[in-house]
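Here is a set of short exercises to work through with the model open beside you. Each task comes with a solution that goes step by step.

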Amino acid sequence: MAHNNIQDASRNDSNEESSPLLNNQEKNEKQSNVVDGKASAVVPPPQKSLAAVGWTANGLPLGHGSVMGEPMGRTQWDSSLCACLGRNDEFCSSDLEVCLLGSMAPCVLYGSNVERLGSAPGTFANHCVPYTGLYLIGQAFFGWNCLAPWFSYSSRTAIRRKFNLEGSCESLHRLCGCCGSCVEDELQRESCESAFDFATHVFCHLCALCQEGRELRRRMPHPGFNAQPVLVMIPPGEQAMGRGA
């Protein structure tokens, strides 16, 4: 029995010598759990709350496409609100078309803008026809187009969110430093930008439609251009074999 006890003790000593790191780790754990004779509570690691994560206007997190935690920079509109004739570039002919449509047939321009933005079947008719009705009612009863902007201003908000464009509130804050409290809070800034979109369509309706048309034509092709090519097989004609004389 004494011989067996001596062998067991020697085995334990050899195990302790072969794994000193494990023993040190166990000792450190015991010391960390007991401080001044009292058991200390284990503090869980801090977790990031989802509420602290910011979001852009179009539903993307602030770190999307950039360094995590840094907000994405807003891009400016390709042309200003009053640049109805557009710019002298490869889209100059399209800008003139947009200007003529906005002046003569704003219902067609609005339907074309929504069609490019939504690219769903029947989008043009579903927006052009109601806009035409509101336009005629406003002209007949009030003498100016005061009803159609209530229907069309949402397209400006959709364009601004889709391409992460700078809104009027942010533009004023960048130029003159006003509207600072609205820009800091995300929800308050978005509601303020929507109000500015509505005001832009009410007081500068045709210029707003033209600016949106120029922006969409530079960023998105017409849905009709995205059609897949169709391969048409033409059978060969009848061949007559001539006989030698």
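**Exercise 1. List the residues that Val114 touches, not counting residues up to four places away in sequence.**

Solution. Step 1: take a contact to be heavy atoms within 4.5 Å. Step 2: leave out the residues up to four places away in sequence, and Val114 is found to touch Ser119, Thr123, His127 and Ser155.

Before going on, please keep in mind that this is a predicted model, where local features need pLDDT of at least 70, side-chain atom pairs count only at pLDDT 80 or more, and totals for chains, interfaces and linings use all residues. Residues are numbered from 1 along each chain as its sequence is written, and side-chain values use heavy atoms, with hydrogens and water left out.

**Exercise 2. Find the largest nonpolar core and say which helix gives the largest share of it.**

Solution. Step 1: settle the terms. A nonpolar core is a set of buried Ala, Val, Leu, Ile, Met, Phe, Trp, Tyr and Cys residues joined through side-chain atoms within 4.5 Å. Buried means under 20% relative accessible area, exposed means over 50%, and partly exposed is in between, with a 1.4 Å probe and protein chains only. Helices (H or I, at least four residues) and strands (E, at least two) are DSSP runs, numbered from the N terminus.

Step 2: collect the members. The largest core has 10 residues, including Val98, Val114, Tyr131 and Leu209.

Step 3: sort them by helix. At least two residues come from each of α4 (106–118), α5 and α10, and α4 gives the largest share, with 4 residues.

Step 4: look elsewhere. Another core, of 7 residues, lies apart from this one, and Trp77, Ile159, Leu165 and Leu216 are among them.

**Exercise 3. Where is His205, and is it buried or exposed?**

Solution. Step 1: His205 is found in helix α10. Step 2: the relative accessibility of His205 is 8%, so this residue counts as buried. Step 3: with residues up to four places away in sequence not counted, His205 touches Tyr131, Asn145, Pro149, Ser152 and Thr200.

**Exercise 4. How many salt bridges does a search of the whole structure find? Work through some of the pairs.**

Solution. Step 1: recall the idea. Side chains of opposite charge can pair when their charged atoms come close. The rule used here asks for a side-chain nitrogen of Lys or Arg within 4 Å of a carboxyl oxygen of Asp or Glu. The whole structure then yields 14 salt bridges.

Step 2: take Asp95 and Arg218, whose side chains meet in a salt bridge at 2.9 Å, N to O. Asp95 lies in helix α3 and Arg218 in helix α10 (residues 205–219), so the pair ties together parts that are 123 residues apart in sequence. Asp95 and Arg218 are both buried.

Step 3: turn to Arg74 and Glu186, a salt bridge at 3.8 Å, N to O. This pair links distant parts of the chain, 112 residues apart, with Arg74 in the loop between β2 (38–39) and α3 (92–104) and Glu186 in helix α9 (residues 186–203). Arg74 is partly exposed at 23% relative accessible area, and Glu186 is partly exposed at 28%.

Step 4: compare the partners in Glu166 and Arg174, a salt bridge whose closest N and O atoms are 3.0 Å apart. Glu166 is buried, with a relative accessible area of 12%, whereas Arg174 is partly exposed at 44%.

Step 5: finish with the network of salt bridges that links Arg156, Arg160, Arg161, Glu190, Asp197 and Glu212.

**Exercise 5. How many disulfides does the rule give?**

Solution. Step 1: a disulfide is a covalent bond between the sulfur atoms of two cysteines; the rule asks for a pair of cysteine sulfur atoms within 2.5 Å. Step 2: the count comes to 0 disulfides. Step 3: check Cys84, which is in no disulfide, the nearest cysteine sulfur being that of Cys207, 3.8 Å away. Cys84 is partly exposed, with a relative accessible area of 22%. Step 4: Cys204 is also in no disulfide, and the nearest cysteine sulfur, again that of Cys207, is 5.8 Å away.

**Exercise 6. What is notable about the phi of Asn164?**

Solution. Step 1: most residues other than glycine have a negative phi. Step 2: phi of Asn164 is near 55°, a positive value. Step 3: Asn164 is placed in the loop between α6 and α7 (168–176) and is buried, with a relative accessible area of 9%.
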